[in-house]
Amino acid sequence: MTPLGSVVASDIAGARLVRLSGEIDLSNASEVLELIGAQVPHDADLVVLDLSRTSYLDSTGVAMVFHLAHRLRTRRQELHLVVPLESPIRAVLELTNVHRVVAVRETVEAAIRS
């Protein structure tokens, strides 16, 4: 748990689901990245990062997503993001072309199916 957000992980349909809530910015992005890393076992083939409850994401948070994707790729793990269309962070992720590096889906179910 960080001052601005929380990280909660569980397993669902063969994937590791990590839910972030709150704000991810310069003050907590490093800590959030480490919390995610601690929640993802090396044998998880698919990691779904649910950002549907994330209310704010600055450039440091976007960099955190890119760093996480790279880290998981080197471990041969796949990362999918969940960002609903109405999410306040959707525009930031689209402007930074996150979808070119990580699959972005609207629901957890869609992220697991794809």
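Ala13 is exposed, with a relative accessible area of 67%; exposed means over 50% relative accessible area, buried under 20%, and partly exposed in between, with a 1.4 Å probe and protein chains only. Ala13 sits in the loop between E1 and E2. Its phi is near 50°, a positive value in a residue other than glycine. The model is predicted: local features need pLDDT of at least 70, side-chain atom pairs count only at pLDDT 80 or more, and totals for chains, interfaces and linings use all residues. Residues are numbered from 1 along each chain as its sequence is written, and side-chain values use heavy atoms, with hydrogens and water left out.

**The sheet**

The names of helices (H or I, at least four residues) and strands (E, at least two) stand for DSSP runs numbered from the N terminus. Five strands make up an open sheet with mixed pairing, in the order E1-E2-E3-E4-E5. Strand E1 (5-12) and strand E5 (103-105) stand at the edges with a single partner strand each, so one side of each has no neighbour in the sheet. From one strand to the next, the twist averages 25°. Strands of a sheet pair through backbone hydrogen bonds, in either a parallel or an antiparallel way. Here two strands count as paired if DSSP finds at least two bridges between them.

E1 and E2 run antiparallel and are joined by eight bridges. They form a hairpin with two residues between them, and Ala13 is in the turn. On the other side of the pairing, strand E2 (residues 15-24) meets strand E3 (residues 46-57) in the parallel sense, over eight bridges. Some of the residue pairs are listed here.

| Residue | Opposite residue |
|---|---|
| Ser6 | Ser21 in E2 |
| Ala9 | Val18 in E2 |
| Arg16 | Val47 in E3 |
| Leu17 | Val48 in E3 |

E2 is mostly covered, as seven of its ten residues are buried. Helix H1 (residues 29-39) lies across E1, E2 and E3 and runs at about 165° to E2. For such angles, axes are lines fitted to C-alpha atoms, for helices over the stretch in contact, and the angles run from 0 to 180 degrees between N-to-C directions.

**Arg16**

Arg16 lies in strand E2. This residue is buried, with a relative accessible area of 13%. The side chains of Arg16 and Asp11 are joined by a polar contact of 3.1 Å. A polar contact is a pair of N or O atoms within 3.5 Å; within protein, one must be able to donate a hydrogen and the other to accept it, and residues adjacent in sequence count only if both atoms are side-chain atoms. The side chain of Arg16 also reaches the backbone oxygen of Gln39, at 2.7 Å. Leaving aside neighbours within four places in sequence, Arg16 is in contact with residues including Ala9, Ser10, Val40, Pro41 and Leu46, where contact means heavy atoms within 4.5 Å.

**Gln77**

Gln77 is found in the loop between H2 and strand E4 (78-82). With 6% relative accessibility, Gln77 counts as buried. Its side chain reaches the backbone oxygen of Pro41 at 2.8 Å. Gln77 and Pro41 are 36 residues apart in sequence, and their C-alpha atoms are 10.0 Å apart in space. Neighbours within four places in sequence aside, the contacts of Gln77 are Val40, Pro41, His42, Asp43, Ala44, Asp45 and Leu72.

**Asp58**

Asp58 has its place in the loop between E3 and helix H2 (59-74). Asp58 is buried yet has no salt bridge, and the nearest side chain of opposite charge, Arg71, is 16 Å away. A salt bridge is a side-chain nitrogen of Lys or Arg within 4 Å of a carboxyl oxygen of Asp or Glu. For charge, Lys and Arg count as positive and Asp and Glu as negative, while His and the chain ends are not counted. Apart from neighbours within four places in sequence, Asp58 is in contact with Ile24, Asp25 and Leu26.

**Asn97**

Asn97 is in the loop between helix H3 (90-95) and E5. Although Asn97 is not a glycine, its phi is positive, at about 55°. Asn97 is partly exposed, with a relative accessible area of 31%.
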